[in-house]
Amino acid sequence: MSEPSKLKGALCAAALIASSAGLALADGADVIVGQVMSTAGGDTPGSAWKITGGPVNSPADSSLTGLVTAFSLGTTSCNIGDVPFEWYSSTNRHPVIAQNLFKVDNGRFIHVGQSWLKHGFTALQQNACNLGCQPSGTGSLLGVGCSDPYSASLNSGQTSAGPKSQVNAATGFFPYPVDYSGMPSGTTTSVHRRLQVPLSSYSPTAVWIAEAQYVAQDDAQNGNKNNNASYRRATMTATTNGEGQVTDLSLSLVDSTVRQIPAIYAWRDHGNGPNAPDNNVRIVPIDVPDDGRFILGARVFQTGVSTWRYEYAVQNLNSHRSGQYFRVPFAPGVNITNVGFHNVPYHSGEPHSNDPWTMSISGDEVVWSGPAYTGAAPVGNELTANALRWGTVYSFWFEADAGPGTFDGNVDMGLFRPGSASNVVLFTAPTPGGAIAGSPINDDCPQAIMVGNGTIFTSTAGATSAGPDACTFASSAAINQDIWFRYTALASGPVTVSLCGSDFDTKLAVYGDTCPTEPGTHLACNDDFACPIGGTLQSQVEFNGVEGQQYLIRVGGYLANFGGVSLNIIGPNTSGACCASNGTCTIVAASTACNGVFQGVDSTCTPGLCPAPPGDTCNSAHSIGDGVAKTGNTNDYTAVGWTNCGSSNGSRDVWYRYIPLVSGTISATTCQTGTLFDTVLSVHSACPVSATVTNTIQCNDDVSCSLSSPTGRASTVSWSGVAGTAYYIRVAGWQTNAGAYRLLVTGGQGVEAPSNDNCINRFGVGLGDIPFSTLGATTDGPAHDDCLSNGQTQITNDVWFYSPSGVDGTFTITVCGTAGYNPFVALYSQPSCPVNDARLLACNDDASGCGGGASTAQASAYVDANLGVMIRVGGFNGSTGNGVLNVAFVPTLGACCVGETCTMVGPSACGADGGTYLGNDVTCLPSSCSTPEPCPGDFNDDGIVDLADLLDFLGPWNANLGQAVTPGENGDLNADGIVDLADLLDFLADWNANLGQDCP
């Protein structure tokens, strides 16, 4: 028996909700197209604007050749970010909305038409994406999880539409108010500025694709610009005249919106017809450093015994630099014919030329070229040249007498506008004869390709092994079949280079700016890394980059492995907040422009961002060790301390903390080369409270020493120290003297605090044994009642670690202390500081397992995928020492049903996919996720078959007896489109068989 239509509707609704619930909030504002809604035209929704004549750029023409009609798409935006999204109508801090139409026809992907841009003016606070809208309370901000609808008629407004040419989609910037100088007015014709579609583009066999895209500054600044386009399938109906010429088109949207996916992916999704995927379509995205994203689509068709048709399309999603040429290589001896090109027309006064790119064929390549960049307007062609600009797709094709080789070739696109990185982006795609000369163009180090922050996709197929041994993993020190890249750090800071997402067993090394010739000269090297996605055979490294310094990145394989490469680089950018020593904050263009402490890329000057620097107060004293001199300058600090000699209470000062490991006499002195002013030195048992309660142990203004300074007036203090006691040393100046100094402390065998002494400086660690030390560490974590052990609730002298997790599972942390050290360990959720009681997962002071009489602390905790665990290691009641931290992880897996598909994942990953988790250790069976059949006879779905079901069925059946109805509705139980006696007999059989039964 067929499934009742009301059950089908319920299942569809459930699937939609599950799909929507799978959207995770992104960092920062993140706008997406949640829905591409109905079309509109003229005064009649669902129709197009009717015109009597006019080609794309001159609507007054009366012939049918070049005629266009125009449409408008409704859009619903959703903010899937974790902060409100800006929608300020009177500034350029609001989104602009682009509309496009494409077709997939005869294996080719074509951009048919485009619109000008709708400027957003206010944001409603709805919940179309089912994220749980948190309204912002104003139309100038789209709240977290909220949606805003713009109807097709609203998006069709002509007078307020702005040109695409004035928008930098890579940054989201555009001038506001819009500059319309030199452009036709907004109502020249009914198609002006709207989504124009040439009548000649109609094909009855085509699959039509509508796309909408939002662009905004805060979205781009948060790194969320690459998910702003969504597509939806459409159908096109043509009106013809008596001669068979197309005189009008009408557009209707079908299926549902494919969110966060640009239209070029529809080539693959509908390449064999509506909803019939063509998995031979290759889709390759590539990010231009410090710019935007291009996406290449490629497909090869064999058209005869010895002929092949090559189809390529490139979508410029949001690159401001734009494309200037497209080049496809081919093997020697291959013949190329029937070369073609298509670019989408600009219209309504946009300054960009519509002249097609020129084509040339040399001995080993086909090249399509637009004009080269000649400079900015008004003299140069920056705005007038036909370049592959953002929000557009250009298509390229030819025929060849050779099929694609075993390995892909290197297809490249030249960039139009100049920029900081290379002027060429590289794709790998099928080419006639495959990879040329058997090796990539960056096979050797001297030919390294320039790359920047972002992701590129390439291949090591055909590469040779051209570098020295780098690091040994699994008995192999070689990096085989390697390719090379050159990277410039835009600012100083950590740089992560990852091959996660590559499809083979990789190996990765990073060098300085000179091609290596000797083994072991790498800065970083890795074979296997626990990637969040893709397994453990790919590689990832991190190194500290220096602004302006170039680095060589070497990508290859372990042993004889080779294949497709996903190279992702995350490095420091440029602008951010700069904190001066006096606590003031300014925004600087790069870290090198910061005369103070740079707070990081994209940081802003918020209240409390710039506290006094470490050492400016006693409570933030620098750690200092025995025999290691510290240099500084008191001019970089303020006057916030007190002592009882040298008239120094009004002087600028710097504070240090010293903890001796043994008791005895300790000395501190500035009588060192490098001290250049009249110092005052004091040591304190605790931080001073006031000018009268200074807690001073010793104080000295002048001491005789052989300094070469202008005054020779340095200082020395000595005191009897007790092991494990913290002493605070103040470096100041006589009266208001200030300047450079060099401080040396000896005696007591004290050590400087570990680098991960504070939570904010936690070390990232993987699985296995990690040596550590708490000698010299302070206590910066809170006490927890739940950690009570032998009367102690505080973990003292702590150091911090963080271990990531790509899947759900249980961490077990074991700490083994050396003789005399009693370790204490606590685990917390999430990698952020500070921690608190709510985030405490587990803690332990005494356990067993280390052996040899070593003290043991051990704690275990379950964590969700991608959260990881924060590890705090300290001591019981002030105990410090050296030890070994062991990190172990056991994944939690179980059957997860997403629809009728069963996969083995953890519970949080299952929930993120909108699935139903069947339990830990439950395995997937063929029937695990099958949909239960509806209960026969329970027409009203109340869980029991009774008289009410019969009466409820007889009502619509009797009312429509003998009538043609929508199949499956209004009493048509067998879904044959007519209500008749057969429907009643089918129902009665089910009802009678189950009368009085409870439904499962």
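**Exercise 1. Find out which residues Asn 920 touches once its neighbours within four places in sequence are set aside, and say how open Asn 920 is.**

Start with the contacts. In this predicted model, Asn 920 meets Thr 892, Leu 893, Gly 894 and Pro 907, if you skip everything within four places of it in sequence.

Next, pick one of those partners, Pro 907. Along the chain Pro 907 and Asn 920 are 13 residues apart, and their C-alpha atoms are 8.0 Å apart in space.

Now place the residue: Asn 920 belongs to strand E56, which covers residues 916-920.

Last, how open is it? Buried would need a relative accessibility under 20% and exposed one over 50%. Asn 920 comes out at 47%, so it counts as partly exposed.

**Exercise 2. Get a feel for the whole chain: what is it built from, and how much of it is buried?**

Count the elements first: the protein chain has 7 helices and 56 strands.

Then check burial. The chain has 1000 residues, and 50% of them count as buried. Its accessible surface is about 40800 Å², with 52% of that belonging to carbon and sulfur atoms.

Finally, look at who touches whom. Take the contacts between residues at least 6 apart in sequence: 71% of these join residues at least 24 apart.

**Exercise 3. Follow strand E12 and describe its links to E11 and E13.**

Go to one partner first. Strand E11 (residues 207-215) runs antiparallel to strand E12 (residues 229-240), and 6 bridges join them. To see this on the model, find Ala 210, which stands opposite Arg 232 in E12.

Now turn to strand E13, residues 246-253. It is also antiparallel to E12, this time with 7 bridges. Here Ala 234 faces Leu 253 in E13.

One more stop is the hairpin of E12 and E13. There are 5 residues between the strands, and Gly 244 has a positive phi near 80°.

**Exercise 4. Work out the strand order of the open sheet that contains E14, and name its edge strands.**

Read across the sheet: its 5 strands come in the order E14-E15-E16-E21-E18, with antiparallel pairing. The edges are strand E14 (282-287) and strand E18 (336-343), each of which pairs on one side only. Ignoring direction, neighbouring strands here are turned against each other by 15° on average.

Now zoom in on one pair. E14 and strand E15 (residues 293-304) are antiparallel over 6 bridges, and Val 284 stands opposite Leu 296 in E15.

**Exercise 5. Compare two aromatic pairs, Phe 341 with Tyr 394 and Phe 811 with Phe 889: how are the rings arranged?**

What should you look at? A pair of aromatic rings is described by how far apart the centres are and by the angle of the planes.

The structure has 27 aromatic pairs. For Phe 341 and Tyr 394, the ring centres are 5.6 Å apart and the planes are at 90°, so this pair is edge-to-face. Phe 341 sits in strand E18 and Tyr 394 in strand E21 (residues 392-400), so the pair ties together parts 53 residues apart in sequence. Both Phe 341 and Tyr 394 are buried.

Phe 811 and Phe 889 have ring centres 4.7 Å apart and planes at 55°, so this pair is tilted. Phe 811 is in strand E48 (residues 809-817) and Phe 889 in strand E53 (residues 882-891), so parts 78 residues apart in sequence are tied together. Phe 811 and Phe 889 are both buried.

For a wider view, ring pairs link Phe 341 and Tyr 394 into a cluster with Tyr 310, Tyr 312, Phe 326, Trp 357, Trp 368, Phe 396 and Phe 398.

**Exercise 6. Say where the charged end of Arg 299 sits, and which ring Lys 164 lies over.**

Begin with Arg 299: its charged end is over the ring of Phe 301, 4.1 Å from the centre. Then move to Lys 164, which lies over the face of Trp 390 at 5.0 Å from the ring centre.

**Exercise 7. Explain why E36 and E41 each have a side without a neighbour in their sheet.**

First lay out the open sheet: its 5 strands follow the order E36-E38-E43-E40-E41, and the pairing is mixed. Strand E36 (622-623) and strand E41 (696-700) are at the edges with a single partner strand each, so one side of each has no neighbour in the sheet.

Then look inside: strand E40 (residues 679-684) and strand E43 (residues 727-733) run antiparallel, joined by 6 bridges. One residue to find is His 684, whose bridge partner in E43 is Tyr 728.

Note on methods:
Residues are numbered from 1 along each chain as its sequence is written. This is a predicted model: local features need pLDDT of at least 70, side-chain atom pairs count only at pLDDT 80 or more; totals for chains, interfaces and linings use all residues. Side-chain values use heavy atoms; hydrogens and water are left out. Two strands pair if DSSP finds at least two bridges between them. Helices (H or I, at least four residues) and strands (E, at least two) are DSSP runs, numbered from the N terminus. Axes are lines fitted to C-alpha atoms, for helices over the stretch in contact, and angles run from 0 to 180 degrees between N-to-C directions. Buried means under 20% relative accessible area, exposed over 50%, partly exposed in between (1.4 Å probe, protein chains only). Contact means heavy atoms within 4.5 Å. Accessible areas come from the Shrake-Rupley method with a 1.4 Å probe; for residues, only the protein chains shown count as cover. Rings of Phe, Tyr and Trp (its six-membered ring) pair if their centres lie within 6.5 Å; planes under 30 degrees apart count as stacked, over 60 as edge-to-face and the rest as tilted. A charge sits over a ring if NZ of Lys or CZ of Arg is within 6 Å of the ring centre and within 35 degrees of the ring normal.
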